[in-house]
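Trainee: Before we go through this structure, could you show it to me, and then help me see how each label is set against its definition?

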Amino acid sequence: MKSSKQKPQKFRKPKRIAVLTAGGDSPGLNAAIRGIGKTAISKGWTVIGFRDGFLGMLEDRWVELKKEDLAGILTVGGTVLGTSRLKPHRMETPNGSVDVRDKLVATYKRHKLDALVCIGGGGTHKNALKLAEKGLRILKLPKTIDNDVAHTDSTIGFATALEIATEAIDRLHSTAHSHHRIILAEIMGHRAGWLALGAGLAGGADVILIPEIPYDVNRIAAAIKRRVARGTKFSIVAVAEGARSIEDTQAYETAQRAGKSARGDAQKRVAKTVLDKLDAEHEDNIFRLARQLHSLTGLDSRVSILGYVQRGGTPSYRDRLLGTRLGTACVEMIDAGKSGIMVGSDGDRITATPIAKVAGNLKLVPRDHPLIRSARHLGTNLGD
Ligand code: F6P
């Protein structure tokens, strides 16, 4: 009988590895690059870094990372390698999308690489998996301030962004209080609400809206009016980028289903146009919500978009530690012959999960998550 277990692939002793960062930047990326680089160099390996994610690998733009290049970067925000959102299996061009994976394979071979470490979020998982299908030895580290990657308890950048967003809510409190206003703070997270939920709770927001819980504007207004009746004339509303009303969620899900069941190019184009239109309309979501809350409560309402401030600047000690732990462990795993895995964290433990299991598997906030339960106990309105 055939065993269902695949035989582990044998690799030669590593001599040269490469690293790249892809997708949106996040604080702690340089700690990971440093962890990978220093550990690999201490083993006598050569480490190169591709510039600007998969784009630099496509264009063969790279730099050797020597010990001196890794000094002084631990505390620096962003990524010293640069980043991009290029998808090698579907690179957008003016004439449609093209598959450039073979060119990346050629770059990998030309550099005689033994492994490629890709540091990125959800999109990078899919890209890495598609590239691994071409026979490359790839390992992944999870980063995104959204914290929406499955099989890791945290992603590089999340903790720092959480601190920044929490401080922003603290600061909005005093101005909202002074002017008796509703202030809506838009917090990043287009599919998952971890950041808005965490910062909202830590900052004591009165309303927290996340993509996982479609909201009813009347219920939000009623909660704010109850506060006014108790004598509190200001409210802070923490809104995740991807939070939608019940009606908008239904329209979006219907359009997504239509896209999935579309047959043929014409149908697919129509479905995409509808989704793009809904996405474009969503950009105005928080301003529309502010207008609705103003008219339903009579309170002056203002919007504050936290934006890229959440992703920039010095990483917190947590992200420095996470990047360092995952980066160093990743090199140990390459040395131990591992391939096709994402190196993640589970408390103090380091985990290794097949990239195929992580790709396309979004970590959303469960409706019974302890933080959701805490918010409900506190009387925080979650829009439902
Ligand atoms: O994926 C991380 C993230 O920070 C999201 O929260 C946000 O929607 C997105 O990146 C925006 O990134 P950019 O504007 O750089 O594409």
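Trainee: How many residues of each class does the shell around the ligand have?

Mentor: The shell has 3 nonpolar, 3 polar and 4 charged residues, where Ala, Val, Leu, Ile, Met, Phe, Trp, Tyr, Cys and Pro count as nonpolar, Asp, Glu, Lys and Arg as charged, and the others, Gly among them, as polar. Please keep in mind that this is a predicted model, in which local features need pLDDT of at least 70 and side-chain atom pairs count only at pLDDT 80 or more, while totals for chains, interfaces and linings use all residues. Residues are numbered from 1 along each chain as its sequence is written, and side-chain values use heavy atoms, with hydrogens and water left out.

Trainee: Which residues surround the ligand?

Mentor: They are R85, T144, I145, D146, M188, G189, H190, E241, Y308 and R311; a residue is called near a molecule if one of its heavy atoms lies within 4 Å of it. This shell draws at least three residues from each of domain 1 (16–157 + 315–358) and domain 2 (161–312), with bounds that come from an automatic or database domain assignment.

Trainee: What makes the pair between D146 and the ligand a polar contact?

Mentor: A polar contact is a pair of N or O atoms within 3.5 Å, and an N or O atom in the side chain of D146 is 2.7 Å from an oxygen atom of the ligand, so the pair qualifies. The side chain of R311 likewise has an N or O atom 2.9 Å from a ligand oxygen, and for R85 a polar side-chain atom lies 3.1 Å from one. On its own the ligand has 400 Å² of accessible area, of which the protein covers 73%, as computed by the Shrake-Rupley method with a 1.4 Å probe.

Trainee: Why is H180 called partly exposed?

Mentor: Buried means under 20% relative accessible area, exposed means over 50%, and partly exposed lies in between, with protein chains only as cover; H180 has 44% relative accessibility, so it counts as partly exposed. H180 lies in the loop between α6 and β8, and has a positive phi of about 55° although it is not a glycine.

Trainee: What is the relative accessible area of D60?

Mentor: D60 has 25%, and is therefore partly exposed. D60 also has a positive phi of about 55° without being a glycine.

Technical notes
Polar contact = N/O pair within 3.5 Å; in protein donor to acceptor, adjacent residues only side chain to side chain. Buried < 20%, exposed > 50% of the residue type's maximum accessible area, 1.4 Å probe, protein only. Helix = DSSP H or I, 4+ residues; strand = E, 2+ residues; numbered from the N terminus.
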